[in-house]
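These are my notebook entries on a single chain. I set out to look up its salt bridges, its overall form, one strand and one surface patch.

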Amino acid sequence: PELLALGLPHQLLRLLLDRGIDTPQKIERYLHPQMTDLYDPMLMQDMNKAVAVIRDAIDKGEEIVVFGDYDVDGVTATAILLTYLRKQGAKVGFYIPDRHGEGYGLNIAAVEQIAQHARLLITVDCGITCPAEVARARELGMRVIVTDHHQLGPQLPQCEAVLNPLLGNYPFRRLCGAGVAFKLVQALGGMEAIESLWELAAMATIADIVPLLDENRVILTFGLKATASSQRPGLIALMESAGVDAKNVSASDVAFRMAPRINAGGRLALASRGVELLTTRRLDAAREIAAELDQDNTKRREIEMEIFAQAD
């Protein structure tokens, strides 16, 4: 009776109950997410340590490198941290491994190269299953923060902080990699710091196919709204080249038009162009990269069709 009193259509109510959304409070949060529904980022294990280390590195003017992944989640997670750290005046660069030459995650050669100039290494969307590579980074004098959302390996990396919603008692365990980076920025600078980052977190949340429940639903709701009015040159250029109407951008526009173009960069050439697209302040540069990614995406489709024809 309590749920019927909400006056929702029975079919909708049944769908909600099937998904375990079974109290008036949960239904309200599901149907009408609020920014205040975001959890306190400090609830994530090691978050206080990560914040202290990053603030210390910024204060000391140490070089920071963000090490990402070549898919949409890794590229946007990298862009989220870069955007925030640059605004803080940090000396920061990024590294995205080459899918074909290096493969996924940290690798020793990259770590040794980064250690020649950086003092703090922050991984996004990778690193949780790389204890040996993290150990090497620390051996070479770097401090390391791992941020990831993937399943835990048999041994956690030993480093300054490991952020993963699967560790400890974080209330929502299904964030994507960019979602974890978004929470780190929220911890560093509060709601004000994430104001310009909602659209990036939403794109990754859609592209990485994490469940659209709880905190992900908040990110998606406000991220799509932010995308419609985004001033980020890279998103404007991406929507133009993908033929997306910015005013009416939908989750399927992101999933089937925008995200594949960023993914194509990492599949056929360098994923770092995706990071450059999402972080550049110049619209002309953004349009140039978006056009390249568009060509990559067309080529990717052709290759996929060839592979399918061969298999058929």
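**Entry 1: salt bridges, the rule.** I counted a salt bridge wherever a side-chain nitrogen of Lys or Arg lies within 4 Å of a carboxyl oxygen of Asp or Glu. By this rule I obtained 16 salt bridges. I note here that the model is predicted.

**Entry 2: D214 and R29.** I looked up the pair D214 and R29, whose side chains form a salt bridge with an N to O distance of 3.0 Å. D214 belongs to helix α9 (residues 214-228) and R29 to helix α2 (residues 24-31), so the contact ties together parts that are 185 residues apart in sequence. I then checked the cover of each partner. D214 has 26% relative accessibility and counts as partly exposed; R29, at 30%, also counts as partly exposed.

**Entry 3: the network around R143.** I next asked which residue forms a salt bridge with R143 at 2.8 Å between the closest N and O atoms. The partner is D56. This pair links distant parts of the chain, since R143 is in strand β4 (residues 143-147) and D56 in helix α3 (residues 47-60), 87 residues apart. D56 counts as partly exposed, because its relative accessibility is 24% and the buried class requires a value under 20%.

I found a salt bridge between R143 and E62 as well, with the closest N and O atoms 3.2 Å apart. Here too distant parts of the chain are linked: E62 sits in the loop between α3 and β1, R143 in strand β4, and 81 residues separate them. At 17% relative accessibility, E62 counts as buried. Through shared partners, salt bridges join D56, K60, E62 and R143 into one network.

**Entry 4: strand β1.** I turned to β1, residues 63-67, and asked how many of its 5 residues are buried. The count is 5 of 5, so I recorded the strand as mostly covered, buried being under 20% relative accessible area. I then sorted the side chains by direction: E63, V65 and F67 point one way from β1, while I64 and V66 point the other way, and all are buried.

For its partners, I recorded two strands. β1 runs parallel to β2 (residues 91-95), and 5 bridges join them; in this pairing E63 stands opposite K91. β1 also runs parallel to β3 (residues 120-124), with 4 bridges between them, and V66 stands opposite I122 there. I followed the connection from β1 as well: with helix α4 (residues 72-87) and β2, the strand makes a right-handed β-α-β unit.

**Entry 5: a surface patch.** I looked up which residues form a nonpolar patch on the surface. They are L268, I303 and I307, and together they have about 220 Å² of accessible area. L268 is in helix α11 (residues 251-268). With a relative accessible area of 32%, L268 is partly exposed.

**Entry 6: the whole chain.** I closed with the overall form. The chain holds 13 helices and 5 strands. The C-alpha atoms fill a box of roughly 65 × 45 × 40 Å along the principal axes. For 312 residues, a compact globule would have a radius of gyration near 20 Å, and the chain has 20 Å, which agrees. Of the 312 residues, 54% count as buried.

Terms used. Residues numbered from 1 in each chain as written. Predicted model: local features only at pLDDT ≥ 70, side-chain atom pairs only at ≥ 80, totals over all residues. Heavy atoms only, no water. Buried < 20%, exposed > 50% of the residue type's maximum accessible area, 1.4 Å probe, protein only. Pairing = 2+ DSSP bridges. Right-handed = clockwise from strand over helix to strand, strands pointing away. Patch = residues over 30% accessible without salt bridge, like charges linked within 9 Å, V, L, I, M, F, W, Y side chains within 5 Å. Areas by Shrake-Rupley, 256 points an atom, 1.4 Å probe, with all protein chains shown as cover. Rg over C-alpha atoms; globule rule 2.2 N^0.38 Å.
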